[in-house]
Structures are given as structure tokens and as C-alpha cells.
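Here are a few short exercises to work through with the model open next to you. Try each task before reading its solution.

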Amino acid sequence: DGSGTPYCWGSNVKGRLGTSNNTTYTTPEASNTATKFVSIESGAKHTCALTSAGEMECWGSNEEGQMAEDLWDSIAKTGTKSKKSPDTVYDLGSTTKFSKVSIGSESLFTAALIDNGSIAVWGESTGTVYTDHFVLNSGVATDVAAGRYHICYLESGAVTCTGGNSAGQSTVPTLTNPQSVHAGEDWSCAGFTDGTYQCWGSKAGW
């Protein structure tokens with residue numbers, strides 16, 4: 001809302017609404033946090049939000065490593081099942097500062113742009129579960145966008161896409177001076193300074 005409080009609604013399995021419980025809400029419900037956010041992204045089972053100071057908190061399922069913590073071991077009773085309230089991403093710590101967080105529609109991973117130009121990825125990406133983040137790029141990125149199974153990023157004036165390519169969403173065409181990247185389930189776009197976009201994948205040409 002206008003104050004930066006996150007509201008979520010719908011299924012609350014694994015605490016994915018951040019309301020500290022598993023109750024399903026059919027109307028918007030404030031998440032259980034005093035933190036104020038400026039942007040928010042949701043995937044299939046989890047949500048992450050970013051503050052104006054570049055801090056990030058996530059909540060929801062950790063079944064595929066979305067909280068960047070060890071998966072729950074039902075025998076040893078160790079690990080993390082889920083986070084039912086917004087919390088710092090354990091693997092990256094509270095001192096890491098982010099410029100952008102991106103979660104693809106119905107995806108099981110997070111791609112986040114760190115202030116130093118690195119892109120951190122965790123969760124289930126290309127069929128592998130990462131409970132510790134990995135760095136996707138060479139460290140000079142200025143933008144990132146996550147699709148359902150792929151990630152695109154802008155680095156040194158060029159767009160790179162990696163991951164699923166079922167509809168050509170990761171096959172980047174020739175681009176001249178792109179300024180931003182955008183991604184959906186099976187499409188990708190680059191934005192330019194004049195307000196135009198060039199897209200590729202299943203929805204190219206819409």
C-alpha cells in the first residue's frame with residue numbers, strides 16, 4: 001500500500017502470504033512485518049520484497065530452496081520448511097544490498113541484482129535446487145528479469161538470456177543499445193531509451 005506495507009491474498013500453503021499462519025485469505029491481508037517495501041515479486045510458492053535501502057526479505061515455501069536455507073530433513077528435524085513471515089535471506093545475510101529482485105510467474109527461484117553488479121540466484125533453477133545462491137554473471141549487470149524457467153540480464157550494454165528456451169525466449173536477437181530487460185513465462189523483451197521494446201519468444205509481435 002502507500003505506506004509500503006505488503007498485502008497478499010489467496011492460498012497460504014507454506015505461509016506464502018507472510019501472515020504468520022496458513023490461513024487462506026480471499027481479500028488482501030497485511031503480511032506480518034513492520035518493514036516497509038518499495039517493490040514486491042511473487043512466484044509459485046514464495047514472495048520477496050525490496051526496501052528503499054536495498055534490503056530484501058522473503059517468505060513462503062523452502063521446498064525448492066526459495067529461502068536460501070537447507071531443505072527440511074524430516075528424519076533429522078533440521079533445515080527450514082518455510083517462512084510464514086517476511087525474513088532476511090539467510091544465505092546472503094542482512095548486509096547485502098540489492099538494486100532489484102525478480103521472480104518469474106509461477107517460478108520456484110529468485111534472481112536478484114546486487115549493488116555490486118552481481119546477480120544472485122537461488123531456489124530451483126533449470127532443474128537444480130540451490131539452497132546457497134550462485135552468481136549468474138561476471139559482476140557488472142545493471143538489470144535482471146526472471147521468467148518461469150529462464151533469466152535475462154543486461155550487462156555492458158548487451159542482453160544475455162539463459163535457461164529454458166522452449167519458445168525461443170533465451171535466443172537473443174541483435175539489439176542496439178538496450179536499456180532494460182523484461183521476461184515472462186516464455187518470452188523476453190528489451191527496452192530502449194525512446195520507450196520502444198523489442199521482444200522474442202512466444203509473444204513476440206503482439
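**Exercise 1. Work out how the chain is packed.**

Start with the contacts: of those with a separation of 6 or more, 42% are between residues 24 or more positions apart. Keep in mind that this is a predicted model.

Next, look at the secondary structure. The chain has 16 strands and zero helices.

Now check the overall size. A compact globule of 206 residues would have a radius of gyration near 17 Å, and the chain has 17 Å, so the two agree. Along the principal axes, the C-alpha trace spans about 50 × 40 × 35 Å.

Finish with burial: 46% of the 206 residues are buried.

**Exercise 2. Describe the surface and the charges.**

Take the surface to begin with. The accessible surface comes to about 9,600 Å², and carbon and sulfur atoms hold 48% of that.

Then count charges. You'll find 21 negative and 12 positive side chains, with the centres of the two sets 8 Å apart.

**Exercise 3. Find the aromatic pairs and say how each is arranged.**

Searching the whole structure turns up two aromatic pairs. One of them is Phe-37 with Trp-59, at 6.2 Å centre to centre and 45° between the planes. Planes under 30 degrees apart would be stacked and over 60 edge-to-face, so an angle in between is called tilted.

Where do Phe-37 and Trp-59 sit? Phe-37 is in the loop between strand S2 (25–30) and strand S3 (39–42), while Trp-59 is in strand S5 (residues 56–61), so the pair ties together parts 22 residues apart in sequence.

Are the two residues buried or exposed? Buried means under 20% relative accessible area. Phe-37 has 9%, so Phe-37 counts as buried, and Trp-59 is buried too, at 0%.

Now for Tyr-130 and Phe-134: their ring centres are 4.5 Å apart and their planes lie at 50°, so this pair is tilted. Tyr-130 is partly exposed at 25% relative accessible area, and Phe-134 is also partly exposed, at 23%.

**Exercise 4. Map the surroundings of Ala-146.**

Place the residue: Ala-146 belongs to strand S11 (residues 141–146).

Check burial: with a relative accessible area of 5%, Ala-146 is buried.

List the contacts, skipping neighbours within four places in sequence. Ala-146 touches Ser-102, Ile-103, Gly-104, Phe-109, Ala-111, Ile-151 and Ala-183.

Pick one of these for a distance check. Ala-111 is 35 residues away from Ala-146 along the chain, yet their C-alpha atoms are separated by 6.4 Å.

Definitions and conventions
Residues numbered from 1 in each chain as written. Predicted model: local features only at pLDDT ≥ 70, side-chain atom pairs only at ≥ 80, totals over all residues. Heavy atoms only, no water. Phe/Tyr/Trp six-rings, centres within 6.5 Å; stacked < 30°, edge-to-face > 60°. Helix = DSSP H or I, 4+ residues; strand = E, 2+ residues; numbered from the N terminus. Buried < 20%, exposed > 50% of the residue type's maximum accessible area, 1.4 Å probe, protein only. Rg over C-alpha atoms; globule rule 2.2 N^0.38 Å. Contact = heavy atoms within 4.5 Å. Areas by Shrake-Rupley, 256 points an atom, 1.4 Å probe, with all protein chains shown as cover. Lys, Arg positive; Asp, Glu negative; His and termini not counted. Charge placed at Lys NZ, Arg CZ, Asp CG, Glu CD.
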